[in-house]
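Biologist: Before we begin, could you show me the model, so that we can go through a sheet and the pockets step by step?

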Amino acid sequence: MNCLTRSLPGTALLLAAVLSSACGQKPTEIRLKSTKLKVYGLGRSVSVGGDVVDKKGKIVAGKAVSWESSNPKVATVDGQTGSVKTVSQGKAKITARLGDPPLEAVVALEVLDVAIVNVFPPRTTLAGPAGSTFPLTLEVKDSTSKVVELKAEWTCSAPTIATVDASGVVTSVGEGKANVKATVGDVAGATDIVVVFRTIESLEASPLNIPLKAGELGMVNLVARDSQGAPIADVAATWTSSDPMVATCSGGKVLGIGPGSATIRATCGTRSAEVSVIVF
């Protein structure tokens, strides 16, 4: 029997026409919010969501879909709501199904284990003329504190003070303060940058000799002074080692690697300073 089989007068006829149209809607597709989804971090909850629609793309009311994960070890999904919770790094297919008529749609899910994003140094002063540059260091760690190789999106809060490129290299524009942020997915780390148009006239590193055991850490103290002899706090410096198999240095922290000797150099613009490291 049809939804409406007899004529109705007045407003009832109009209502009947609306109901007749609704009765004629037939589901033809499960329209997802997205067919690809990348989630950064474990224990995160996201909604995949979707609507049952007819051939005209209109939502068909009263049609609920069920949800299923192909790999619950990577991500689980609530069968009724489509809420996904990440469990471990990997890939999974999240499938939405309708029983009558039989329809399905699939979301390709990728989970990346990202827990912490660090930017080094956590604060620094970029001294010198406008256009001076300094490379920031990115460190991304997973939930086990293991360093992972992932690219970040870099942004600066004050482009009139400094800019930052896709590799994390900061360029000074004007004097002042800015915050530079590195974002991996929705996990972020940041550093504070101070730009001063002061020339570095001298650079001193101490102690001049650092004895270390393999695996031991040492610290280099770096003092930069301007043309008036005034110190420049937290000056931006690039650190290098003459032999990374003996010792490495990052942000003034020296790590003994293996027996031998190496020279650690700090460079600020045209100035540099060196210390000797012996690892035994």
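**A sheet and two pockets**

Modeller: This is a predicted model, and a good place to start is strand β25, which four bridges join to strand β28, residues 260-268, the two running antiparallel.

Biologist: Which residue of β28 is the bridge partner of Thr238?

Modeller: Strand β25 covers residues 238-241, and β28 runs antiparallel to β25. Within β28, the bridge partner of Thr238 is Thr267.

Biologist: Which strands are the edge strands of the open sheet?

Modeller: The open sheet has four strands with mixed pairing, in the order β21-β29-β28-β25. An edge strand here pairs on one side only, and this holds for β21 (209-212) and β25 (238-241). From one strand to the next the twist averages 25°, and the edge strands are β21 and β25.

Biologist: Into what kinds of residues does the lining of the largest pocket divide?

Modeller: The largest pocket has a volume of about 970 Å³. Its lining is made of 39 residues, and among those nearest the centre are Phe120 and Pro121. The lining of the largest pocket divides into 25 nonpolar, eight polar and six charged residues.

Biologist: Which element gives the largest share of the lining of the second largest pocket?

Modeller: The second largest pocket, with a volume of about 300 Å³, is lined by 19 residues, including Ala127 and Cys268, which are among those nearest its centre. The elements that give two or more residues to this lining are β11 (123-127), β12 (133-135) and β28. The largest share, three residues, comes from β11.

Terms used
Residues are numbered from 1 along each chain as its sequence is written. This is a predicted model: local features need pLDDT of at least 70, side-chain atom pairs count only at pLDDT 80 or more; totals for chains, interfaces and linings use all residues. Side-chain values use heavy atoms; hydrogens and water are left out. Two strands pair if DSSP finds at least two bridges between them. Axes are lines fitted to C-alpha atoms, for helices over the stretch in contact, and angles run from 0 to 180 degrees between N-to-C directions. On a 1 Å grid over the protein atoms alone, a cavity is a set of points where a 1.4 Å probe fits but cannot get out, and a pocket is an open set with protein on both sides within 12 Å along at least five of seven lines; lining residues have an atom within 4 Å of a point. Grid points are joined across faces, edges and corners, and a volume is the space filled by probe spheres set on the points. Ala, Val, Leu, Ile, Met, Phe, Trp, Tyr, Cys and Pro count as nonpolar, Asp, Glu, Lys and Arg as charged, and the others, Gly among them, as polar.
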